Each structure stands twice: as C-alpha cells, then as structure tokens.
Amino acid sequence: MQKIMAINAGSSSLKFQIFEMPGEEVIVKGLIERIGLPGAIFNMSFQNEKMKEVCKIENHGEAVEILLDQLKKHRVIKNLSEIAGVGHRVAHGGEEFVSSCIVTDEVVKGIESVASLAPLHNPANIIGIKTFRDLLPDAISVAVFDTAFHQTIPEENFLYALPYALYEKHHIRKYGFHGTSHQYVAGKAAEVLDKPLEKLKIISCHLGNGASVCAIEGGKSVNTSMGFTPNAGLMMGTRSGTIDATIIPYLVDELGYSLDEVVQMMSTESGVLGVSGISSDFRDIEIAAGEGNSRALLTLRMFTGQICNYIGAYASAMNGCDALLFTAGVGENSPLIRKMVTEQLSYLGVTCDVTKNNAGDMIISENNQAVKVCIIPTNEELMIARDVENYAKQPTR
C-alpha cells in the first residue's frame, strides 16, 4: 500500500487527491479555486470532515505550499515522506510527449519548450512540478499529458489547411486538450449505460473555466474543439476561442496594439470575461443573467450556441451519437447551461428532463430516448494516480 497524490492544475485552480493504492481509496481530496483572483477558496474533504477557507493565493507555487501545510496541520498525513509519488496533469505535450512519463530535468525542459502553446496552463503545471519536486524530493514525479488521448485523431481532422511543410517541419497541427478528462468520462459513461465502450459514439463536453468538446468513437478521440493551443474552439473564462485569424493583424496594423498585447488579450481578457464585462466565473454570469443583465445573457447564448455547433458537427461526422456527456465544473454544476444546450438539440433526438437536470441525476434525458444525456463527474485525478502507480511499481526510477 502506498499514498499517491494526483495534481490537476488548471489556469486558475488546483485540484488534488491522495489515493491509497492499489485499492484506489481516496484519503483526501480538494480544490483550490480562484488562484490569482480576489477571494481564493481552499476546499478540502477528509475523514468525513470538510473545511473551506477564503484566503489570498497569488500563484500555483503558493497553492502547493498551502496545500502541504494544510495536510500536515489537519493530520491527514503525519509526514510528507508518506507520499510515494505525485502525478501532474500537464496541458501540452506537443508531439514529443505521446504518453505519461517520469519527470526529469530534461522532461521539465521539454514541457517548458511548448509552454508558449499553452500559456495559461503549462507555466502553472511547471510551477507545480518544480515546487513538489523541491518539497517532496523522495517522491516519484510523473507527468500526464492532456494531449495524449487525442493522438488517435486522424490526419484529416488534426491538420490545418496551411502549407504542409509547416506541419512537417514545425509540427503545427491540432493537438487537443482535456484528454484525461474526456477519456475518463467516456469510460465511466459506458459503465453507467452498461454498454461496451468500443460500440459507443460519444460527444463529451468538458465545460469549466477552460472548455472543450470531444468526439469519441469506439473509445478513441476522433476530433476535438481545442487545437494547436488551448485557446482554440469554444469561448472560455478568459480565452477568446476560435476567431478569424485576420483580426490579429488588424488589431496590430490598424488599431496599434502590439502582438504581445493581442496575445495577452486573447488569453486573459476575452471569452466570458471579455463579452460580459463582469467576470470569468460562470457562477457570476448566471447570477447577473438572472438579474436581467443583457451582456450576461448574451454571454450565455454565445457559449451554449458554440457548444451546440460542435455537437452538431461531431454527430454528423460520426453519423450519430449514442451519448452526450456534461462534465467539469460548469458541466456538472450548471442546470441552466445544460438546459440551454439540450434545448437546441431536439433535431438530434436530445431531450432533458427538467426534474432530473435540476437534481443533477447521472442520466438527465427523458426515458427511452436514443441519445442518453449524462452528467458524469470527471476524475482526472484517478487516471493520473493510476499512471503514477504503474511507474512506482517499477524496480528502478
């Protein structure tokens, strides 16, 4: 028996769980939200107890230090040396990292080399990796890449219509992200529906501060909304999602922005925050929409409309859809978003039972519908812990 910690660092959050392996028993789990924003929240559940603190957390390094201090303070673990391994979700692995691997200095350099392709994520992932390696020097560290699950996307779906040499020489292509989450919820949905994963056509909607839609056929990713970077696809908390590429030179040449300013705008000032002018947090947007704020309502219509566009495209490409999945912070916890999405998909045979949806049932479609609509809580941390355990079993590190 050994304790394995799984770390899932998002752009403004850090999810964590410690598992007793190989039994996969959860010893503690929690979420640090709003990192770098006013009123960061530290949530932790352990031994039938729950704690919640509002505190100031400027970056992911501080979040790691606070997490380890809280684990000792609340005697979740007696000594940090009890943690045998730490697994880290890493957003972008490029074409170099096609599967999980033990973290070495060379691996850190490799992750840093593609950090510009995931500017909100890889830097946060790297900070977490380095901080844990410093504070837990005896624990094995494993990097688990978000892009790995999408290696099965066929060439016609991952290539851009640019000169082919740009792919051959510079690996400019769609990579896709949230792969660990999409892979987990697809497998879990097959269990819930009691059907072989290999026979299902699934569309998975990972909706949070970052958001993506994934087409999964026979258990394999065949297309996804994110692209070369996590900025593509759906509008997100602060990210623009896909826009007309010629807007960028227009902003630079005609409006006087620098390229760095445009990149910063598209990554941290756009999306839900940019359109609403209120917040990057969907909870704030829903409250404002309920009070009649027109830009909040516009934001919700844009977001759900874009989700439906991808769902329709992927259902067409797979020639059908057996299950539509909602997961991650918004997908799991917003009945309003789920309602707005499913209302636009009646042409696919998608329905949403109001009572089941509001209650957060696992299957929220009406009975006897061909397309099952499911809420599947993601568990990227368990997938990460399993990978760490596999490496920890090896005789040498």
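This is a short tour of three places to select in your viewer.

The model is predicted, so local features need pLDDT of at least 70 and side-chain atom pairs count only at pLDDT 80 or more, while totals for chains, interfaces and linings use all residues. Residues are numbered from 1 along each chain as its sequence is written, and side-chain values use heavy atoms, without hydrogens and water.

**Stop 1: the largest pocket**

Select K15, L31, E33, A328 and G329, which lie nearest the centre of the largest pocket among its 50 lining residues. Elements giving two or more residues to this lining include β1 (2–9), β2 (14–21), β3 (25–33) and α12 (328–333). Colour the lining by type and you will find 14 nonpolar, 22 polar and 14 charged residues.

**Stop 2: Y250 and its patch**

Next, select Y250, in helix α7 (residues 247–253). Is Y250 buried or exposed? With 48% relative accessibility, Y250 counts as partly exposed, because that class lies between buried (under 20% relative accessible area) and exposed (over 50%), using a 1.4 Å probe and protein chains only. Now add L255 and Y257: with Y250 they form a nonpolar patch on the surface, about 310 Å² of accessible area together. In such a patch, residues have over 30% relative accessible area and no salt bridge, and nonpolar side chains (Val, Leu, Ile, Met, Phe, Trp, Tyr) are joined within 5 Å.

**Stop 3: V354**

Finally, select V354 in helix α14 (residues 354–359). V354 counts as exposed because its relative accessibility is 53%. Add D134 too: V354 and D134 are 220 residues apart in sequence and 49 Å apart in space, C-alpha to C-alpha.

Notes: Patches are made of residues with over 30% relative accessible area and no salt bridge: like charges are joined within 9 Å, nonpolar side chains (Val, Leu, Ile, Met, Phe, Trp, Tyr) within 5 Å. Accessible areas come from the Shrake-Rupley method with a 1.4 Å probe; for residues, only the protein chains shown count as cover. A salt bridge is a side-chain nitrogen of Lys or Arg within 4 Å of a carboxyl oxygen of Asp or Glu. Helices (H or I, at least four residues) and strands (E, at least two) are DSSP runs, numbered from the N terminus. On a 1 Å grid over the protein atoms alone, a cavity is a set of points where a 1.4 Å probe fits but cannot get out, and a pocket is an open set with protein on both sides within 12 Å along at least five of seven lines; lining residues have an atom within 4 Å of a point. Ala, Val, Leu, Ile, Met, Phe, Trp, Tyr, Cys and Pro count as nonpolar, Asp, Glu, Lys and Arg as charged, and the others, Gly among them, as polar.
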